[in-house]
Amino acid sequence: MQTSLRGIAEKAAKQKEYRFRNLFMMLTVENLLYCWKYINKKATPGVDRIDAQTYGENLLANITALIASVKSKSYRARLVLRKYIPKLNSKLRPLGIPSIADKLLQCAVSRILEAIYEQDFLPFSYGYRPMRSAHDALRELSEKLRSGIYLYVVEADIKGFFDNINHGLLLEMLKKRIDDKPFLNLIEKWLKAGILDTNGMVIDPATGTPQGGIVSPILANVYLHYALDVWFEEVVKPLCRGEVYLCRYADDFVCLFQYESDAQRYYEELHKRLETYGLELATEKTKIIPFSRYSKDINGKKPSFEFLSFEFRWGKNRWGKPMINRRTSRKKYKASIANFTKWIQENRNIRIGELLSTLKAKLRGYYNYYGLRCNSKSLADFYYQTNKILFKWLNRRSQRKSYNWDGFTKLLQDFKIPRPQICKNF
C-alpha cells in the first residue's frame with residue numbers, strides 16, 4: 001500500500017466517525033502512473049477505441065492531460081460501452097466497458113475508497129476485497145455448517161443488483177465517511193455516465209453502476225455494507241434467540257440460523273429492508289431451507305442450497321459419519337461444459353500444440369476453483385466430458401478421422417494434460 005493510503009487506512013481504523021477531506025488532491029500524475037500497473041492491458045477498448053497499448057505509448061502526456069482536466073473541472077466521463085455475455089438460461093448479462101482513461105482514474109479512486117472502507121467492512125463480507133477470496137468464504141461457511149449448530153438456511157438472491165443501486169442513497173452513504181465534494185462529484189459523473197448500447201442507442205441510467213467498471217465493486221460493497229451488513233450485525237443478531245451467521249460474497253449471500261423462528265423473521269424483514277434501498281429479492285430463488293443432518297425434503301432426499309457455484313448438502317463419509325458434501329452446482333457444471341464445447345468448436349483448427357497448451361491452462365483454472373474436498377466425482381465427470389468433446393471435434397478437423405481412442409489417449413499423455421485433482425483441502 002502507498003504511504004498516503006496507509007495513513008488514510010490507519011486514521012479510518014482509529015476514528016470510525018471521521019469524514020475525510022482533501023481526497024481530491026490525491027488524484028495526481030504520480031498516483032495515476034502508480035495505478036497504471038493495475039490496468040488490464042489486454043482488455044477491450046471503450047467507446048474511443050483506444051486500447052491500453054496505444055494509451056501507454058504516450059502515457060505521461062496522456063495522464064498529465066487527464067489530471068489537468070480533472071483539476072480544472074472540465075473532465076467529463078465518456079460513454080460506457082455495453083457488451084452482453086450469454087448466461088445458461090438463454091438470458092444475457094450486460095457488462096460496461098469504460099474508456100482506458102476513465103479506468104485509470106477509477107482505479108485511483110477505488111484504491112482511496114478501499115483504504116477507507118476496508119476498516120469498516122465486516123468480517124463476513126468477502127467479495128471484491130484484498131486478501132479475501134471466494135474460497136475463504138466457502139471455508140468459513142463450511143466450518144459453520146459442520147458445527148451442527150445451524151439448522152436452517154435462508155438462501156437469497158437479489159434481482160439485478162448492479163442495475164438497481166440507488167445513486168442518491170449511495171452518495172449519502174459515501175458522505176458518512178467522505179467530506180470532499182469534488183471527489184464525490186467525480187464518482188457521481190461515473191454513475192450518471194451514458195451507456196452506449198449495442199444498437200447504437202445511448203441510455204442515461206437513473207440507477208445502477210455498470211458491471212465491468214473498476215470502481216463498481218467497491219461502490220457495490222459500500223451499498224450492501226449499509227443496506228445489509230450493518231443492519232444484520234446491529235439489528236438482526238441482537239433479536240435472534242439462537243446462533244446466527246451471515247456469509248456474503250458481493251451480492252451473493254446466505255444466512256444460517258439455529259432456530260426456525262429466527263429464520264422466518266429474518267426472511268420476512270429482509271424483503272422490507274432491501275425494498276427501502278430500491279432492491280428486490282428474486283422470490284423463486286429466496287427460501288428457508290431446513291438444513292440439518294436429519295432433515296429431508298418431500299422426496300425423502302437431503303435438502304441442499306447453492307453458494308458461489310457449489311451445492312451444499314449433508315451426507316456421510318466412508319465411515320458412516322455425517323459430513324458436509326460440496327459438489328459443483330449443476331447449473332454451473334452445465335455452463336462450463338457448454339462454454340468448453342463452444343471454445344473447442346471455434347478453435348479446433350489451430351495448431352495442436354497451441355490448442356492443448358490453452359486446454360491445460362483452462363483445466364488448471366477449473367481444478368483450482370472447483371477442486372474442493374468431496375468434489376472429486378464432479379471433477380472426474382468434467383474431465384471425462386471434456387475429453388469426449390475434444391475427441392469429437394479434433395476428428396472433425398478434416399474429412400478423415402485424425403485419432404482413434406488409443407491415439408487420443410497417448411496425445412493427452414504426451415502433452416501432460418492435467419487430470420482432476422483436489423487443490424483445496426478444507
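**Exercise 1.** In this predicted model, helix H5 (residues 100–117) and helix H9 (residues 216–239) pack at an angle of about 30°, with their axes 10 Å apart. Work out how the two helices are oriented to each other, and what kinds of residues make the contact.

*Solution.* Start with the angle, which is about 30°. Angles under 35 degrees count as roughly parallel, so H5 and H9 are roughly parallel to each other. Next, the contact: H5 contributes Ser110, Leu113, Glu114 and Tyr117, while H9 contributes Ile218, Leu219, Val222 and Tyr226. Finally, sort these residues: six are nonpolar, one is polar and one is charged.

**Exercise 2.** Lys287 forms a salt bridge with Glu155. Find where the two partners sit, and decide whether each is buried, partly exposed or exposed.

*Solution.* First, look at the closest N and O atoms, which are 3.2 Å apart; a salt bridge needs them within 4 Å. Then locate the partners: Lys287 is in strand S8 and Glu155 in strand S3 (residues 152–157), 132 residues apart. Now use the accessibilities. Lys287, at 36%, is partly exposed. Glu155 has 12%, and under 20% means buried, so Glu155 is buried.

**Exercise 3.** Which salt bridges does Glu311 form with Arg313 and Arg327, and is Glu311 buried or exposed?

*Solution.* Take Arg313 first: its side chain meets that of Glu311 at 2.8 Å, N to O. For Arg327, the closest N and O atoms are 3.0 Å from each other. Arg327 lies in strand S11 (residues 322–328) and Glu311 in strand S10 (residues 310–316), so this pair ties together parts 16 residues apart in sequence. Last, Glu311 is buried, with a relative accessible area of 7%, whereas Arg327 is partly exposed at 33%.

Technical notes:
Residues numbered from 1 in each chain as written. Predicted model: local features only at pLDDT ≥ 70, side-chain atom pairs only at ≥ 80, totals over all residues. Heavy atoms only, no water. Axes fitted to C-alpha atoms, helices over the stretch in contact; angles between N-to-C directions. Helix = DSSP H or I, 4+ residues; strand = E, 2+ residues; numbered from the N terminus. Parallel < 35°, antiparallel > 145°, perpendicular 65-115°, else oblique. Contact = heavy atoms within 4.5 Å. Nonpolar A, V, L, I, M, F, W, Y, C, P; charged D, E, K, R; others polar. Buried < 20%, exposed > 50% of the residue type's maximum accessible area, 1.4 Å probe, protein only.
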